[in-house]
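The exercises below ask you to read a protein model step by step, with the sequence and the structure side by side. Try each task on your own before you turn to its solution.

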Amino acid sequence: MSSVSYARYTTNGRITGVGQCVISDLPLQAQSGETTLITDNVVNNAENYILTGAVTPRTTLPATWSKTSITADGADEAVLATLPIPCTVYVDDEPIVVDDGSFEFSSDNAGIYRIRVNAVEHIEITWEITADV
């Protein structure tokens, strides 16, 4: 029996798993809400997604910060602009859905905040924003 490489993915193209199996087991690989696609070789899901049934490279996120340091006063803010619509921004792993292309960050508490953006078509990226007193 010959084996095939495959990718499992959701309706929005996010690859949820990759692997190899015998062709007769391919229908067993997809979980609820997923589809499988036979690929030439094992796909790197951090660098690819599925677009119209084809493995497609994820691109660099074009978003930029207005600044990476703020005053921890609840008023000063850093703005992350040019985000894909919609996308999810995570502040220290807490998800925030952004549906207008811009994310404004402020804090009353001093510290270093890890902020990452996860959008299917873009390579995930993480920044640090420093809030000082």
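Strands β6 and β8 pair in the antiparallel sense over two bridges, where helices (H or I, at least four residues) and strands (E, at least two) are DSSP runs numbered from the N terminus, and two strands pair if DSSP finds at least two bridges between them. The model is predicted, so local features need pLDDT of at least 70 and side-chain atom pairs count only at pLDDT 80 or more, while totals for chains, interfaces and linings use all residues. Residues are numbered from 1 along each chain as its sequence is written, and side-chain values use heavy atoms, with hydrogens and water left out.

**Exercise 1.** Find the residue that stands opposite L80 in β8, and work out which strands stand at the edges of this sheet.

*Solution.* Begin with the pair of residues: W65 stands opposite L80 in β8. Next, widen the view to the open sheet, whose three strands follow the order β6-β8-β11 with antiparallel pairing. The edges are taken by β6 (64-65) and β11 (102-105), and because each has a single partner strand, one side of each is left without a neighbour in the sheet.

**Exercise 2.** Describe the open sheet that is formed by five strands, and name the residue opposite C87.

*Solution.* Write down the order first, which is β7-β13-β12-β9-β10, with mixed pairing. At the edges stand β7 (69-71) and β10, each with a single partner strand, so that one side of each has no neighbour in the sheet. Neighbouring strands of this sheet are turned by 30° against each other on average, direction ignored; here axes are lines fitted to C-alpha atoms, for helices over the stretch in contact, and angles run from 0 to 180 degrees between N-to-C directions. Finally, look at β9 and β10, which pair in the antiparallel sense over five bridges, and there you find V98 in β10 opposite C87.

**Exercise 3.** Which peptide bond is cis, and what is the sign of phi at D92 and at T52?

*Solution.* The cis bond runs from I85 to P86, with omega near -10°, and P86 lies in the loop between β8 (78-81) and β9 (87-91). For D92, phi is positive at about 45° although the residue is not a glycine, and its place is in the loop between β9 and β10 (94-98). T52 likewise is a residue other than glycine with a positive phi, near 45°, and it is found in the loop between β4 (48-51) and β5 (54-57). To compare their surroundings, use relative accessible area (buried means under 20%, exposed over 50%, partly exposed in between, with a 1.4 Å probe and protein chains only): T52 is exposed at 79%, whereas D92 is partly exposed at 38%.

**Exercise 4.** How many salt bridges does the structure hold, and which residue forms one with E34?

*Solution.* There are five salt bridges, each a side-chain nitrogen of Lys or Arg within 4 Å of a carboxyl oxygen of Asp or Glu. E34 forms one with R8, their closest N and O atoms being 2.8 Å apart. This pair links distant parts of the chain, with E34 in strand β3 (residues 34-39) and R8 in strand β1 (residues 3-10), 26 residues apart. Both E34 and R8 are buried. As a last step, consider D93 and R116, whose side chains meet in a salt bridge of 3.4 Å, N to O: D93 is exposed, with a relative accessible area of 56%, while R116 is buried at 19%.
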